[in-house]
Amino acid sequence: MEDIIIGVVGLVAVLLFFLYQNRKTKRYKLPPGPRRLPMIGNLHQLQTTNPQRFFYGWAKKYGPIFSYKIGGKTMVVISSAELTKELLKTQDVNFADRPQHRGHELISYGRRDMAFSHYTPYYREIRKMGMNHLFSPTRVATFKHVREEETRRMLVKINKAADKSEPVDISELMLTFTNSAVCRQAFGKKYNEDGAEMKRFIEILYGTQSVMGKIFFSDFFPFTRYVLDDLTKLTAYMKACFGRQDIYLQEMVDEALDPNRAKPETESMIDLLMQIYKDQPFASKFTTENVKAVIMNIVVAGTDTAAAAVVWGMTYLMKYPNVMKKAQAEVREYVTEKGLTFIAEDDVKNLPYFRALVKETLRIEPVIPLLVPRACIQDTKIAGYDIPAGTTVNVNAWAVSRDEKYWGLNPDEFRPERFLEKDVDYKGTDYEFIPFGSGRRMCPGMRLGVAMLEVPYANLLLNYNFKLPNGMKPEEINMDVMTGLAMHKSEHLKLIPEKVNN
Ligand code: HEM
């Protein structure tokens, strides 16, 4: 009997909650969108594979701004350059917050990082420090030798495979490259690539990245408390991943604090953060938790993004052999003319077609296709629609970079020449091309991100011709994305390299 009474009371409470929610949202003229079911909203319609394509389909149906619901939460998606400008320039301050996410909250040590921090005075201080020091052009240049050395290490492995005419896993190679380069830049650590420490680092990193991409019921159905997260074992998974992350990062902090530690080859990023910890220049206290939170951002953002971009680039080049030939010809003629055997970072400025190729790669598959979600701070209007405070807003950069108004009738065609014909850059002021976002929360690691991808990408083109294995045809390559914040190609790209003598 008692159970029945509790059940009935629970049901009435849930119904009252949704009646209240409905009354609340009815006051607003929300952007158009698909019909919703009571309680769950549009949860049943959402697709987890290729969400950027799925939302592009909804934009075609409902327009460049549409809304949908998950539980009691309103979500808005922007898919045009004009509205991106409205959001990220005109109303940038009002959308400079990040939405509620239980996983982000935990892995960022209660939002002490940069990427998931709320828009607070602390955030503004840490962001300024990041722009002036952590990601400054000087600091990015300090690690040039690391990125070049790691590229050479990758080429040695490909050469071995080429000698045996065996396929290489470009996805795996690129992740190893970025993992190694990031460990050296962030912690001054040079791990053996196949050693236990590197394996441990990668496992921890994957755990943290996967928590970032999970959907937590408690964020959308707060009245369930954590019951559904617990039942689906999400809570336990999140805590286990965070536990491993924390032990590792604490070890890095302890090492950096050790007075007997050997001086690293170059001051690493954690050394800089430990200096802030010692100097305490901010209004609020900068603890070792803050150090771990910020370094977590660097490690996650630095490994995933550049690797994903090069893999997408190589995939499209396999589908567009004429573009491949042109890009290869440019880098090969350049090294012959200069008497080089390697494309270094400083050479890239002399390779206009290659630079256009990098931009086209980031246009056709922006690796964070839905950017990092923003949250609306105060009630406002966009395109005549109400956007209530607390609404989560995503910019579908993948859709924006296919806007026919800016990109012509064939936006799905991989054509680097677009960027030779018109002067468009990814620096956040051309709103039709925003792979790094724009405005106050634009990617602060853009320079480093580009540096991380250019040298390996250019040297792949310089040194090898590639074939698909097992007689596979280019049109058979699977183009699905692996869902997460940064979206990789879900199936690894495997290619047979053939050495070229330049
Ligand atoms: C190809 C490489 C990269 C791409 C495409 C990329 C893209 C992005 C995007 C789209 C955002 C969200 C911007 C917004 O909300 O408007 C972002 C944020 C961020 N990125 Fe990157 N990123 C890359 C590399 C990096 C690297 C190498 C780092 C650091 C090591 C980094 C650190 C960050 C941080 C800390 C944020 C959060 C900024 C904030 O909220 O203030 N990124 N990135």
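A cavity is a set of grid points where a 1.4 Å probe fits but cannot get out. In this predicted model, a search of the whole structure turns up one such space of 30 Å³ or more. The volume of this largest cavity comes to about 100 Å³.

So much for its size; what about its walls? The largest cavity is lined by Phe-187, Phe-201, Ile-204, Leu-205, Thr-208, Gln-245, Tyr-248, Leu-249, Ile-295, Met-296, Val-299 and Val-300. Three helices give two or more residues each to that lining, namely α9 (196–213), α12 (234–257) and α14 (288–319). Sorted by class, the lining has ten nonpolar residues and two polar ones, with no charged residues.

Thr-208 gives a look at this lining from one side chain's position. Thr-208 sits in helix α9 and counts as buried, at 3% relative accessibility against a cut-off of under 20%. Setting aside neighbours within four places in sequence, Thr-208 is in contact with Ile-107, Gln-245, Met-296 and Val-300. Gln-245, Met-296 and Val-300 also appear in the lining of the largest cavity.

Helix α9 also holds Met-198. Met-198 is buried too, with a relative accessible area of 1%. Not counting residues up to four places away in sequence, Met-198 touches Thr-176, Asn-179, Ser-180, Tyr-191, Asn-192 and Glu-193. Cys-183 is 15 residues from Met-198 along the chain, and 9.1 Å separates their C-alpha atoms.

Next comes the metal. Which protein atom serves as donor to the iron atom of the ligand? The single donor from the protein is SG of Cys-443, at 2.3 Å. Cys-443 belongs to the loop that runs between α19 (418–421) and α20 (446–463).

Helix α20, on the far side of that loop, has 18 residues and spans 26 Å from its first C-alpha to its last, close to the 26 Å expected at 1.5 Å a residue. Of those 18 residues, 17 are buried, so α20 is largely enclosed by the rest of the structure.

Both α19 and α20 turn up again at an open site. The second largest pocket has a volume of about 600 Å³. Its lining is made up of 24 residues, and those closest to the pocket centre are Val-348, Arg-355, Tyr-426, Val-450 and Glu-454. Besides α19 and α20, the elements that give two or more residues to this lining are α6 (137–142), α7 (144–163) and α16 (352–364). By class, the pocket lining has 13 nonpolar and eleven charged residues, and no polar ones. The cavity lining, by contrast, has no charged residues.

A few residues outside these sites also deserve a mention. Leu-231 lies in helix α11 (residues 227–231) and is exposed, with a relative accessible area of 63%. Between the C-alpha atoms of Leu-231 and Asp-246, which are 15 residues apart along the chain, the separation is 24 Å.

The loop between α11 and α12 contains Lys-233. Lys-233 has a phi near 65 degrees, a positive value in a residue other than glycine. With 61% relative accessibility, Lys-233 counts as exposed. Ala-383 likewise has a positive phi without being glycine, here near 50 degrees. Ala-383 is placed in the loop between strands β5 (380–382) and β6 (385–387), and is partly exposed, with a relative accessible area of 48%.

Note on methods
Residues are numbered from 1 along each chain as its sequence is written. This is a predicted model: local features need pLDDT of at least 70, side-chain atom pairs count only at pLDDT 80 or more; totals for chains, interfaces and linings use all residues. Side-chain values use heavy atoms; hydrogens and water are left out. On a 1 Å grid over the protein atoms alone, a cavity is a set of points where a 1.4 Å probe fits but cannot get out, and a pocket is an open set with protein on both sides within 12 Å along at least five of seven lines; lining residues have an atom within 4 Å of a point. Grid points are joined across faces, edges and corners, and a volume is the space filled by probe spheres set on the points. Helices (H or I, at least four residues) and strands (E, at least two) are DSSP runs, numbered from the N terminus. Ala, Val, Leu, Ile, Met, Phe, Trp, Tyr, Cys and Pro count as nonpolar, Asp, Glu, Lys and Arg as charged, and the others, Gly among them, as polar. Donors are N, O and S atoms within 2.8 Å of the metal (3.2 Å for Na, K and Ca); water is not among the atoms, so sites may look incomplete. The expected span of a helix is 1.5 Å times one less than its number of residues. Buried means under 20% relative accessible area, exposed over 50%, partly exposed in between (1.4 Å probe, protein chains only). Contact means heavy atoms within 4.5 Å.
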